[in-house]
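Trainee: I should like to take a close look at the places where helices and side chains meet in this structure. Would you please guide me through them, one after another?

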Amino acid sequence: AEPASRLVVVRGGSSTGKTRAAYEAIAARLAGWRLDYPRNALTLAGRLDTGVPEHTVLWLGELRHYTDVGDNAAALGCLADLLISTRRVIVITTMWPENWTAYTAAVQAGISSVDPAGVAGQLLAPLPHLTSSGTVQVDPARGGVVEVPPRFSTEDLQAAVRTGDPVLAAAARAAAAARQEGQVTQ
């Protein structure tokens with residue numbers, strides 16, 4: 001049987017809208033699920049120790065907060081166990097591309113499974129990349145990597161104008177005025 005738990009990584013640079021994209025996907029596809037946000041690796045380890053209930057979205061925020069401080073390999077190892085279980089749980093995290101590169105390079109370099117970067121890399125390496133640009137087609141329950149580009153494309157900007165959202169239009173105008181066309185979320 002295929003595992004029911006999934007890991008969704010929303011990857012993009014600073015201030016590109018990763019957290020907002022994750023929120024929108026969860027609100028659209030998993031609104032009836034419980035949301036749990038353990039703020040650090042110690043709290044995450046406690047949640048995993050007591051058992052994460054079925055139909056829970058385990059929101060980690062930036063993965064680096066669970067890997068880059070202290071000795072968090074054990075908590076990440078328990079997270080890996082959850083992800084191969086048959087429990088219906090979605091783990092969602094955001095990350096910067098440079099962190100992705102560091103963690104996956106750690107796996108390729110054979111970094112020990114007691115090193116948090118190596119364990120994080122083991123979690124990330126097998127994930128499929130979800131390439132759909134339409135958020136309606138991206139299903140967070142599938143698991144994988146969703147790329148958030150550093151700027152809106154011309155087509156994205158035209159679609160934003162068509163929404164009639166005055167805040168979005170003002171952000172697009174401000175980005176253009178600052179000669180940062182397409183950097184609407186920044």
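Mentor: Let us begin with a side chain that lies over a ring. In this predicted model, the charged end of arginine 64 sits over the ring of tryptophan 96, at 4.2 Å from the centre of that ring. A second arrangement of this kind involves arginine 11, whose charged end sits over the ring of tryptophan 100, 4.5 Å from its centre. As for aromatic pairs, a search of the whole structure finds zero.

Tryptophan 100 leads us to the helices. Two packed helices are described by the angle between their axes and the distance between the axes. Trp100 belongs to helix H5 and takes part in its contact with helix H6. Helix H5 covers residues 97-108 and helix H6 covers residues 116-124; their axes are 7 Å apart, and the packing angle is about 95°. An angle from 65 to 115 degrees counts as roughly perpendicular, and H5 and H6 are therefore roughly perpendicular to each other. On the side of H5, the contact is made by Trp100, Tyr103, Thr104, Ala106 and Val107, and on the side of H6 by Ala117, Gly118, Ala120, Gly121, Gln122 and Leu124. Sorted by class, the residues of this contact are seven nonpolar, four polar and no charged.

Helix H6 also meets helix H4. Here the axes come within 8 Å and cross at roughly 15°. Angles under 35 degrees count as roughly parallel, so H4 and H6 are roughly parallel to each other. Their crossing is left-handed. H4 contributes Ala73, Leu76, Gly77, Leu79, Ala80 and Leu83 to the contact, while H6 contributes Pro116, Val119, Ala120 and Leu123. Nine residues of this contact are nonpolar, one is polar and none is charged. Ala120 of H6 thus appears in the contact with H5 and in the contact with H4.

From H4 we may proceed to helix H2. Helix H2 spans residues 41-50 and helix H4 spans residues 73-83; their axes come within 9 Å and cross at roughly 40°. H2 and H4 are therefore oblique to each other. H2 passes H4 in a left-handed crossing. The contact is formed by Ala41, Ala45 and Leu48 of H2 together with Ala75, Cys78, Leu79 and Leu82 of H4. By class, this contact of H2 with H4 has seven nonpolar, no polar and no charged residues. Leu79 of H4 takes part in the contact with H2 and also in the contact with H6.

Conventions:
Residues are numbered from 1 along each chain as its sequence is written. This is a predicted model: local features need pLDDT of at least 70, side-chain atom pairs count only at pLDDT 80 or more; totals for chains, interfaces and linings use all residues. Side-chain values use heavy atoms; hydrogens and water are left out. Axes are lines fitted to C-alpha atoms, for helices over the stretch in contact, and angles run from 0 to 180 degrees between N-to-C directions. Helices (H or I, at least four residues) and strands (E, at least two) are DSSP runs, numbered from the N terminus. Angles under 35 degrees count as roughly parallel, over 145 as roughly antiparallel, 65 to 115 as roughly perpendicular and the rest as oblique. Contact means heavy atoms within 4.5 Å. Ala, Val, Leu, Ile, Met, Phe, Trp, Tyr, Cys and Pro count as nonpolar, Asp, Glu, Lys and Arg as charged, and the others, Gly among them, as polar. Rings of Phe, Tyr and Trp (its six-membered ring) pair if their centres lie within 6.5 Å; planes under 30 degrees apart count as stacked, over 60 as edge-to-face and the rest as tilted. A charge sits over a ring if NZ of Lys or CZ of Arg is within 6 Å of the ring centre and within 35 degrees of the ring normal. A crossing is left-handed if the near helix is turned anticlockwise from the far one by less than a right angle, and right-handed if clockwise.
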